[in-house]
Amino acid sequence: MRESLEKYFSRGQNIELIYLSKLNEISSRRVKILKVQDNSFQAYCFNRKAKRTFLITNVLAIAPVSLKESKVI
């Protein structure tokens, strides 16, 4: 998962992710990755309109957001 995050970060590509929160709730987020660290990454979350930190181990799935879709946000 980390390699995929680094790939999208290096391309500057927005992603959609399925994430398991600390409260064990599953959520879908559209984000722009700002920084990838050892066990986590920082991203701007378009849903929350704020910078957030995500644990890599809690990411269940990721997919790139197409350029056309990202302009809608």
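This report describes the aromatic pairs, nonpolar core, largest pocket and selected loop residues of a predicted model.

**Aromatic pairs**

The model holds 3 aromatic pairs. In one of them, tyrosine 19 and phenylalanine 54 meet edge-to-face, with 5.0 Å from centre to centre and 85° between the planes. This pair joins distant parts of the chain: tyrosine 19 belongs to strand 1 (residues 15–20) and phenylalanine 54 to strand 4 (residues 50–55), 35 residues apart. Tyrosine 19 is buried because its relative accessible area, 8%, is under 20%. Phenylalanine 54 is also buried, at 2% relative accessibility.

Another edge-to-face pair is formed by tyrosine 44 and phenylalanine 46, at 5.2 Å centre to centre and with 80° between the planes. Tyrosine 44 is partly exposed, with a relative accessible area of 30%, and phenylalanine 46 is partly exposed at 23%. Ring pairs also link Tyr19, Phe54 and Phe41 into a cluster.

**Nonpolar core**

In soluble globular proteins, nonpolar side chains tend to be buried together. The largest nonpolar core in this model has 15 residues, and those touching the most other members are Leu5, Ile15, Leu17, Val31, Ile33, Phe41 and Ile62. Two or more residues each come from helix 1 (2–11), strand 1, strand 2 (26–36), strand 3 (40–45) and strand 5 (59–64). Phe41 thus appears both among these core residues and in the ring cluster.

Leucine 5 can be followed further. Leaving out residues up to four places away in sequence, leucine 5 touches Ile15, Ile33, Val36, Phe41, Ile56 and Ile62.

**Largest pocket**

The volume of the largest pocket is about 240 Å³. Its lining consists of Tyr19, Ser21, Lys22, Glu25, Ser27, Arg29, Arg48, Arg52, Thr53, Phe54 and Leu55. Strand 2 and strand 4 are the elements that give two or more residues to this lining, and strand 4 gives the most, with 4 residues. By residue class, the lining divides into 5 charged, 3 polar and 3 nonpolar residues. Tyr19 and Phe54, both in the lining, are the partners of the edge-to-face pair with 5.0 Å between ring centres.

**Loop residues**

Asparagine 58 sits in the loop between strand 4 and strand 5. At 16% relative accessibility, asparagine 58 is buried, because the value falls under 20%. Apart from neighbours within four places in sequence, asparagine 58 is in contact with Ile18, Tyr19, Leu20 and Ser21. Of these contacts, Tyr19 and Ser21 also belong to the lining of the largest pocket.

Most residues other than glycine have a negative phi. Asparagine 24 departs from this sign, with a positive phi near 60°, and lysine 49 has a positive phi near 55°. The table sets out these two residues.

| Residue | Phi | Loop | Relative accessibility |
|---|---|---|---|
| Asparagine 24 | near 60° | between strand 1 and strand 2 | 60%, exposed |
| Lysine 49 | near 55° | between strand 3 and strand 4 | 63%, exposed |

Asparagine 24 counts as exposed because its relative accessibility of 60% is over 50%. The 63% of lysine 49 is likewise over 50%, so lysine 49 counts as exposed. Asparagine 58, by contrast, is a buried loop residue.

Terms used
Residues numbered from 1 in each chain as written. Predicted model: local features only at pLDDT ≥ 70, side-chain atom pairs only at ≥ 80, totals over all residues. Heavy atoms only, no water. Phe/Tyr/Trp six-rings, centres within 6.5 Å; stacked < 30°, edge-to-face > 60°. Buried < 20%, exposed > 50% of the residue type's maximum accessible area, 1.4 Å probe, protein only. Core = buried A, V, L, I, M, F, W, Y, C linked by side-chain atoms within 4.5 Å. Contact = heavy atoms within 4.5 Å. 1 Å grid on protein atoms, 1.4 Å probe; cavity = no way out; pocket = protein on both sides within 12 Å on 5 of 7 lines; lining within 4 Å. Points joined across faces, edges and corners; volume = space filled by probe spheres on them. Nonpolar A, V, L, I, M, F, W, Y, C, P; charged D, E, K, R; others polar.
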